[in-house]
Amino acid sequence: MTPPVLEARGVGHSYGTNAVLEDVSVSFRPGELVSLLGPNGCGKTTFLRILLGLLPPRQGTALFQGRDIQSIPRRQYARDVAYVPQIHRTAFPYSVEDVVAMGRLPHQSLWLHQATRAEHWVEEALARLEIAHLRERAYTEISGGERQLTLIARALAQGASTLLMDEPTSALDYGHQVRLLDQLAKLAGQGLTCIKSTHAPEHALWVSDRVIMLKEGRVIADGHPRDQITPESLHRLYRVNVRVMADADGHTAFVPCGLGNRVAPESFSTGWLAR
């Protein structure tokens with residue numbers, strides 16, 4: 001079996017007396033697309049920060065390629081692991097192209113930045129996320145969804161083998177969500193390890209190889225999305241009742257129970273069955 005790229009062994013963390021993570025032990029292998037699913041405050045963002053080396057765990061160890069992440073020099077680690085935050089603001093009106101080019105900084109000296117922009121990396125990232133038309137626009141003047149796509153392009157330009165994302169689709173419209181998920185699936189198919197937190201169970205079902213469910217800082221499920229994402233597990237995570245609808249080809253949709261009967265199984269086309 002291929003050794004893990006990232007691994008957490010008994011990881012725990014707390015803020016003051018508030019325990020956020022408890023005894024989390026999971027590993028991630030090359031080419032996996034993994035979704036972290038759980039309610040607000042369950043520890044998803046803290047876990048990602050620990051995997052990034054930005055936050056040392058209070059208990060346990062986080063490893064990258066078998067090495068304690070805290071022992072790896074920051075610049076070296078940044079060449080291998082890229083991060084897309086949930087929210088990012090800057091006071092400086094850098095162009096979109098300049099923001100994407102910053103992904104190459106771990107590979108060069110700062111004073112060489114303007115001389116060696118590694119244009120092919122930038123061009124490829126802009127084209128892949130379909131934002132080449134924004135290259136001259138100021139990052140401070142584009143929409144929230146466009147900023148998120150710019151940050152993802154920056155991560156791709158970094159050339160890292162592992163991509164960590166904190167709710168990457170949260171600011172995107174439906175079309176960009178679908179295109180981004182498709183792009184993540186392609187990246188995983190090319191051997192990149194992609195780990196993303198999300199509040200959308202459907203997204204995990206559509207593209208993920210694996211889902212890890214967190215509740216109150218603990219892993220309560222870890223496996224294939226079709227096995228783990230059920231009405232029972234969603235109720236346990238979010239305290240809502242849903243009906244899972246599936247067609248003959250295995251495509252799945254979630255129908256919330258209630259909502260004043262505004263959403264009903266009859267609204268689905270023939271061929272969808274409740275399970």
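Student: How far apart are the closest N and O atoms in the salt bridge of Asp182 with Lys186?

Tutor: This is a predicted model, where local features need pLDDT of at least 70, side-chain atom pairs count only at pLDDT 80 or more, and totals for chains, interfaces and linings use all residues. Residues are numbered from 1 along each chain as its sequence is written, and side-chain values use heavy atoms, with hydrogens and water left out. A salt bridge is a side-chain nitrogen of Lys or Arg within 4 Å of a carboxyl oxygen of Asp or Glu. Between Asp182 and Lys186 the closest N and O atoms are apart by 3.2 Å.

Student: Why are Asp182 and Lys186 separated by about one helical turn?

Tutor: Helices are DSSP runs (H or I, at least four residues), numbered from the N terminus. The two residues are separated by about one turn because they are four residues apart in helix α6.

Student: Is Glu97, the salt-bridge partner of Arg135, buried or exposed?

Tutor: Arg135 lies in the loop between α4 and α5 and Glu97 in helix α3, so the pair ties together parts 38 residues apart in sequence. Buried means under 20% relative accessible area, exposed over 50%, and partly exposed in between (1.4 Å probe, protein chains only). With a relative accessible area of 16%, Glu97 is buried.

Student: Which element supplies the largest share of the largest nonpolar core?

Tutor: A nonpolar core is a set of buried Ala, Val, Leu, Ile, Met, Phe, Trp, Tyr and Cys residues joined through side-chain atoms within 4.5 Å. The largest one has 34 residues. Its largest share, seven residues, comes from α5.
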